[in-house]
Amino acid sequence: MASSVQVLAEHGTGAVSDALDLLGHGGTGLAGLRRVSGSGSVAGPAYTLRYAPVEAGRSAPAGDFVDDVPEGAVVLIANGGRTHCTVWGDILSSVALRRGVAGTVIDGACRDVGESRALGYSLWSLAAYMKSGKHRVRLEAVQVGVVVAGTPVSPGDIVVADDSGALVVPATVLERTAETVLEVARVERLIRADLEDGVPLRETRARHGYNALGLAGR
């Protein structure tokens with residue numbers, strides 16, 4: 001039997017977003033972040049990183065955190081939407097891929113996009129930019145609560161991401177979200193079957209209670 005995290009990965013952000021809406025947790029999307037490399041859907045517990053700016057003239061090394069990221073996790077970098085420098089490049093992608101990291105989501109910029117694409121590593125960010133983050137931003141905290149694209153995220157919350165973007169499922173509602181995703185998918189399968197039989201969309205949606213699905217639980 002698939003785990004709750006596997007259910008989220010298999011059905012992707014659309015179904016997960018619908019399920020969160022039905023559960024009253026609709027504000028968990030990471031608006032503005034787009035896929036820049038990789039393919040398919042990923043889901044895994046957030047491994048959170050928070051970056052802060054460095055004062056002019058001060059030094060700060062690149063973040064050497066990737067060796068500590070567990071297999072199956074999604075690296076979630078809160079860099080305050082800064083796009084004047086990068087916090088991820090191809091070396092990090094190659095190490096993360098070898099370690100079995102599910103993917104990386106950045107509230108900021110990445111670089112070496114072509115190399116990450118060639119690796120097939122799944123990566124989302126606000127922008128791509130070539131300037132290094134060394135001596136411009138510093139890794140301030142690891143595995144703490146962060147805010148990404150206006151959404152609060154705690155370590156262990158589940159990040160789900162695909163070609164439509166990225167969102168976060170609070171760990172406290174993971175099981176309920178997975179159950180609701182399966183219900184959403186069931187209703188959509190019935191609707192698609194009706195459509196193949198020539199049933200009008202309005203009729204099949206009404207037949208299966210599509211627009212009222214989960215309304216009582218919101």
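A salt bridge is here a side-chain nitrogen of Lys or Arg within 4 Å of a carboxyl oxygen of Asp or Glu, and by this criterion the structure, which is a predicted model, holds eight salt bridges. Side chains of opposite charge can pair when their charged atoms come close.

Among these salt bridges is the one in which the side chains of glutamate 140 and arginine 50 meet, with an N to O distance of 2.8 Å. Because glutamate 140 belongs to strand S7 (residues 137–142) and arginine 50 to strand S2, this pair ties together parts of the chain that are 90 residues apart in sequence. Neither partner falls into the buried or the exposed class: glutamate 140 is partly exposed at 37% relative accessibility, and arginine 50 is likewise partly exposed, with a relative accessible area of 30%. The pair also belongs to a network of salt bridges that links Arg50, Arg138 and Glu140.

Another salt bridge is contained within a helix, where the side chains of arginine 186 and glutamate 183 meet at 2.8 Å, N to O. Both residues lie in helix H4 (residues 174–196) and are separated by three residues, about one turn of the helix. Arginine 186 is partly exposed, its relative accessible area being 37%, and glutamate 183 is also partly exposed, at 31%. A further salt bridge joins the side chains of arginine 58 and glutamate 55, with an N to O distance of 3.9 Å; in this case arginine 58 and glutamate 55 are both exposed. Since exposed denotes a relative accessible area over 50%, the values for arginine 58 and glutamate 55 lie above that limit.

Attention now turns to the nonpolar interior. In soluble globular proteins, nonpolar side chains tend to be buried together. The largest nonpolar core in the model comprises 23 residues, of which Phe65, Val75, Ile77 and Trp88 touch the most other members. Two or more residues of this core are given by each of strand S2 (42–53), strand S3 (74–86), helix H2 (90–99) and strand S4 (103–110). When residues up to four places away in sequence are left out of the count, isoleucine 77 touches Leu49, Tyr51, Phe65, Val87, Trp88, Thr104, Val105, Ile106, Asp107 and Val148. A second core, separate from the largest one, is made up of 16 residues, including Val42, Val74, Val148 and Ala166. Val148 thus appears both among the contacts of isoleucine 77 and among the members of the second core.

Notes
Residues are numbered from 1 along each chain as its sequence is written. This is a predicted model: local features need pLDDT of at least 70, side-chain atom pairs count only at pLDDT 80 or more; totals for chains, interfaces and linings use all residues. Side-chain values use heavy atoms; hydrogens and water are left out. A nonpolar core is a set of buried Ala, Val, Leu, Ile, Met, Phe, Trp, Tyr and Cys residues joined through side-chain atoms within 4.5 Å. Buried means under 20% relative accessible area, exposed over 50%, partly exposed in between (1.4 Å probe, protein chains only). Helices (H or I, at least four residues) and strands (E, at least two) are DSSP runs, numbered from the N terminus. Contact means heavy atoms within 4.5 Å.
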